[in-house]
Amino acid sequence: MRSIAMSSSSAMVRILIKGGKVVNDDCTQEADVYIENGIVQQVGKELMIPGGAKVIDASGKLVLPGGIDTSVHLEESFMNATTVDDFYSGTKAALAGGTTMVIGHVLPERNESLLEAYEKCRNSADSKACCDYALHIGVTWWGPKVRAEMEKLVRDKGVNSFQMFMAYKDMFMLRDSELFQVLQHCKDIGAIARVHAENGELVSEGAKEALDLGISGPEGIEISRPEELEAEATHRAITIANRAHCPIYLVNVSSMSAGDVVATAKMQGKVVHGETTTAHTVLNGMQYYHQDWSHAAAHVTVPPLRLDPNTPNFLMSLLGNDTLNVVGSDHRPFTVKQKAMGKDDFTKIPHGLPGIQDRMSVIWEKGVIGGKMDENRFVAVTSSNAAKIYNLYPRKGRIIPGADADVVVWDPEGSKVISVENQVQGGDINPYEGLRCHGVPIVTISRGRLVYENGMFTCAEGSGKFCPLRTFPDYLYKKMVQREKCQAVKAVEREPYTGEVVAVANSGKRDTGSSDLDTPTRPCTRHGGMRDLHESSFSLSGAQIDDNIPKRSSARILAPPGGRSSGIW
């Protein structure tokens, strides 16, 4: 049975959550929460409420803002495979895990219209989603058409974020100059620039090299994409964004060295935000060396899990201290059979790990129980920061009167063992198989409706809504706008130069304002003479290496065909 459809009066459901502790990103308080018409109406003690409310006893439990998963891939075709969750099964799994809003990806093919790809995704998702959702649009190519479509998406379609790739050569990768122009455009239209940072050129060379060495298994993904390629691209992305005066949001930060680059940039005052994934904060790359091919291949994702076993702890600590701001699941579930398309060539294994259902519990287990963050910081990295960045705060990401009633009753003492056997999300793989998580959602309320309670769903397919996102989020842009005002560059006002100017004879062969690339390589001489015969660039054939270099700045002598005479005569 797909779902239990609720009556049309479900919008009028009244819910009172009694006796729990309300946890926001900045404080925890003992308070009751009264919900009506899909909105949190009251938060406090001894509330005066109308009759007929369903009472949920939350004694000894925490009441959290619903999770916001900032990166999910539902119904997406990628590397010749389609993810095994659609917007129905994917959002249902999200609700089971305490997530009440997801942001999906639209990745247009090269030269495909961004608008058409967006409409195609909306048409499918609107009738299926069980919770609120929004969309990121991939800028997978660049040109005037893309520029115009980005503006239209922002103006009319409720999109405020675009994702760019420095990896995936010949597929999605943008060159530095293109990335610079996209970031400038993002700044002009007030969008969030999400950048996947890996050096695509060197990844491509590394893959060739690994295959030439006979490395065709999943370990090739880790060998061909070492973390220095991520660190280098992360630094380059931050530099390009800084030059474009655009706030940058780095996605899938997966290594200690890339984390260090983000931390340094923040210390320098650059406007940088970072998102990592559940998998990268929990698992390491030793999985790729597992004897069982399907186990190793199941963990293939990009950037790869890192070999250094300290990496997950380090990334979790960065989430704890606000160097990284958000943790998403980057849910991209494939089956073993789909992964097996790359059984003889690791570059053909579709990249992606599932995690939409497990993100909240796994981060609680490894982050809060592991002593890396308190429950307030947990709310920040799983919900509030995302709401602030994507301009949804405090409507989402906070439990206060007037906010959307996306609420989770969380049992910090409860526990469950993660297993592929009892998961709601798709696929026959779960990277956290056998992990016991303390901290589980027992009730999920989405849009003021009780949709999940103790393992039972009461969510209707299509009951979720598309959330249009507004541009220029203060969290990213306030500082940037002010900075541009006070750091604006100006020309120096001075009296014009009225003296003599040397005449330049232009033969028409090359413009004098030539670029660095055109400058001839002039033989290096230790003294001022025109030609140093000791540094033997001298040739007996008559034509010389520096024949194309003018003898005086005012005259250019071109050698006739066959070389010229020595000039003594």
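## Close-up views of a predicted model

**View 1. D32 and K18 form a salt bridge, with their closest N and O atoms 3.7 Å apart.** A salt bridge here is a side-chain nitrogen of Lys or Arg within 4 Å of a carboxyl oxygen of Asp or Glu. The two partners lie 14 residues apart, D32 in strand 4 (residues 32-36) and K18 in strand 1 (residues 14-18). Helices (H or I, at least four residues) and strands (E, at least two) are DSSP runs, numbered from the N terminus. D32 is buried at a relative accessible area of 8%, while K18 is partly exposed at 38%. For these words, buried means under 20% relative accessible area, exposed over 50%, and partly exposed in between (1.4 Å probe, protein chains only).

A note for all views: this is a predicted model, in which local features need pLDDT of at least 70 and side-chain atom pairs count only at pLDDT 80 or more, whereas totals for chains, interfaces and linings use all residues. Residues are numbered from 1 along each chain as its sequence is written, and side-chain values use heavy atoms, with hydrogens and water left out.

**View 2. D25 meets R398 in a salt bridge of 3.2 Å, N to O.** This pair joins distant parts of the chain, 373 residues apart. Look for D25 in the loop between strand 2 (21-23) and strand 3 (28-30), and for R398 in the loop between helix 13 and strand 18. Both residues are buried. Side chains of opposite charge can pair when their charged atoms come close.

**View 3. Helix 4 (residues 176-189) and helix 7 (residues 227-244) cross at roughly 50 degrees, their axes coming within 9 Å.** Axes are lines fitted to C-alpha atoms, for helices over the stretch in contact, and angles run from 0 to 180 degrees between N-to-C directions. Helix 4 is therefore oblique to helix 7; angles under 35 degrees count as roughly parallel, over 145 as roughly antiparallel, 65 to 115 as roughly perpendicular and the rest as oblique. Helix 4 contributes D176, L179, F180, L183, Q184 and K187 to the contact, and helix 7 contributes R236, I240, A241, R243 and A244. Contact means heavy atoms within 4.5 Å.

**View 4. D176 and R236 meet through their side chains in a salt bridge of 2.7 Å, N to O.** Here D176 belongs to helix 4 and R236 to helix 7, and 60 residues separate them along the chain. With a relative accessible area of 34%, D176 is partly exposed.

**View 5. P394 sits in the loop between helix 13 (375-389) and strand 18 (407-417).** P394 counts as partly exposed because its relative accessibility is 37%. Not counting residues up to four places away in sequence, P394 touches I400 and A403. The C-alpha atoms of P394 and D404, ten residues apart along the chain, are 8.8 Å from each other.

**View 6. S446 is found in strand 19 (residues 436-446).** S446 is buried, at 0% relative accessibility. Leaving aside neighbours within four places in sequence, S446 is in contact with L95, C130, C131, A405, D406 and V451.

**View 7. A network of salt bridges links D132, R395, K396, D404, D406 and R447.** You may recognise D406 from the contacts of S446, and D404 from the C-alpha distance to P394. For the wider picture, a search of the whole structure finds 33 salt bridges.
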